[in-house]
Every structure is written in C-alpha cells, then in structure tokens.
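Biologist: Could you take a close look at one part of this model for me, the loop residue with the odd backbone angle, and then walk me through its surroundings?

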Amino acid sequence: MDTLTHALSGALLARATAPRDSAPRSLPRRVAGGFFACAAPDLDFVVGFVGPVEYLAHHRGVTHSLILLPFWALVFSWLLAKILREPRGWRALYGVTALGLALHIAGDVITSYGTMVLAPFSDWRAQIGTTFIIDLWFSGIIVAGLAGSAILQRSRWPAVAASAVLVAYVGFQYLQREKAIGFGEQYARAQGLKSATVAVHPRPVSPFNWAVFVSDDYMHRFAHVNLIREEPRAYRPGDGFIAMLDSVYQPLPAVRWETRTRYGEGAAKLLAQEAWNSPAMSVYRWFADQPAFDGMNAGSTCAWFVDLRFYTPGRDTPPFRYGACRDRPGEAWRLVPP
C-alpha cells in the first residue's frame, strides 16, 4: 500500500476508535498520532540507499513485524509525544500508535508484495493479494470518512462507517480473487495442465481487473481479465492514462493467454538455468513468485529475469528486473541490480 494511504487510514482508525469522552484538544493529537504511526513502518525505504538487493531482502521486514510491534509502538509513541507535545506523555499515544502500526501491517498483507510479519525470526512473507498497491477506491473510502469526520467533528460515526465500508470492500475483493482463481483452474483443466499451479494478482483501476497465472516448472501462461466486462474496451489516443491501463483487461470469453518461459528457449536455456540457480541469485529466487526469463545481453554473459507478479501493461519498464552476469565461462555469477 502506498505510504499516503497508510497514513490516512491510520488517521481514520484513530478517529473511529477515539473514546467518546475524549477531551476536545486531545483529539487532533490522537488523529495526528494515528496518521504518523501508520506511515512509520515505511521508513525502511532507507535500506534502498544501501543497495537494491538489500531493499529486496529487508523491505517490509523488521519494521513490519508483529513480533516487534510492541517495541516499535513504544519507540514511536515516545517520539510522537515529543513532536505533538502531548502533555500526558507517551502513554497517552501508545494505544493509537500500536493500532496504527498494526493497521499498516494489515494494509501491506492484503497486497501481493509479501510482508515478513514474523521478522527477524522468519523471512516468511504473508500476502493475501486482494488489493493493488495503489487502489483509488480504497483510498477514496478513507478520504470520504475523514471528510465526514471533519464536517461532523463531534461524531466518530463517519469514521466508523468508513472503516466498516473499507473492511467490506476488501472482503468483496477477496470474493473477486476467488472468482479469478476459479477461472484459472478452469483453463488449466481445459488444457490438461494437471501439475500447473494457479495464482492471481490484483491490477489497477478496478477490483474486477486481475492477472491470472497458470504456471509449471518451465512456463507461465497468463491473461489479463476483467471479471464482469461483457465487451472489450478499446483505447483511443486521448482517452487518458487510466483508460489506457483499464483497456488491457478483457472479458472472460475474449481473454488472450500469453506465455513466458522461466529460462528461455534454445541455446540460452541451459545458461539461464545455471544463472538462475547460482548463489548470486539466492535473494531474488526467494523474492520472486512468478520469475520469468527476460533476455540476455550481447555476448550472452548476463541472464535477466523479471517477476511477472509486478508486470502491469502500460508501464514503460518492468520493476524488480535483476540479472546474473559473468565475464567468461567457469567464473562465478554475480548479481546485477536494475
């Protein structure tokens, strides 16, 4: 989830859970505390300055840990009490800070990236995959709740109602996810792909837009679908960026299945497999859910890979594209970041 949406959701939850007998002057500090606390875990972006490999290995790690949440709540409530000049000290903000941190973790778990909720004791990544990382409907519900709270300042019900709608919206997205999985399983059966696995990932613009993957050990078959669309939506120049993104997702009867191999074809395949299985690619192997071969450079000394989980038509360059390179046969492979 983008950091601004995290922060706004923290403010919404802080208002929704405010005690009815809260002092009027304490409410703005509480809402501000929820806003900053729910954004705080994304401070781990600083690991990106160390290097892109470190970012893969540690983003959504210890700052997103349920195990470390009580510790982070103590740290951030103390800091926020100083920044917001809370007269009652950190104890007055500890509860809302803990709620904000927990909400941030939940907001990331519903995306497809993966969140290490048991760090530092486990690098297992929880991911439900109901919600695209930037969901304007999701963010709009939050903004509407905050706007209602600003108008009805003495009532927490606009924030409570918006929070309930938000939970219902994610539940609705989960139902769409199940429909997309069913469509992928139906395709796998029709093609006789008994050993294939089905995965789906949410896509932008609409909760009905999904990427469906049917994958085996050598190939990914995938389609971009809209679960309720009856007619293909053509894009014409001038329709706008949102329309361009949305036009890719086709009605179920009209979907076009694409294929990408894990290691390429022909003479490049063995070299790509060697590069993929080398120690240099260990972090990327751990990270990538739908890895696919993305070509070799001149001289065939570098094999490049992408994670199709993040492939969104309309983007100029794919994110998280990494390669393994060596100067001559027999040398150890080295990881090359984007």
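Modeller: R60 sits in the loop that runs between α4 (52-58) and α5. Keep in mind that this is a predicted model. The phi angle of R60 is near 60 degrees, which is a positive value in a residue other than glycine. Is R60 buried or exposed? With a relative accessible area of 2%, R60 is buried, because the cut-off for that label is under 20%.

Now follow the chain on into α5, which covers residues 69-84. Helix α5 is one of the partners of α2: the buried residues of α2 pack against α5, and also against α1 (3-16) and α6 (91-109). Helix α2 itself takes in residues 26-39, 14 in number, and its first and last C-alphas are 20 Å apart, close to the 20 Å expected at 1.5 Å a residue. Most of α2 is covered, with 10 of the 14 residues buried; among them are L27, R29, R30, G33 and G34.

Past α6 there's another backbone detail to check. P120 is in the loop between α6 and α7 (136-151), and the peptide bond leading from A119 to P120 is cis, with omega near 5 degrees.

If you'd like a companion for R60, try F320. Its phi is near 55 degrees, again a positive value in a residue other than glycine, and F320 belongs to the loop between β7 (302-307) and β8 (322-325).

How values were computed. Residues are numbered from 1 along each chain as its sequence is written. This is a predicted model: local features need pLDDT of at least 70, side-chain atom pairs count only at pLDDT 80 or more; totals for chains, interfaces and linings use all residues. Side-chain values use heavy atoms; hydrogens and water are left out. Helices (H or I, at least four residues) and strands (E, at least two) are DSSP runs, numbered from the N terminus. The expected span of a helix is 1.5 Å times one less than its number of residues. Buried means under 20% relative accessible area, exposed over 50%, partly exposed in between (1.4 Å probe, protein chains only). Contact means heavy atoms within 4.5 Å.
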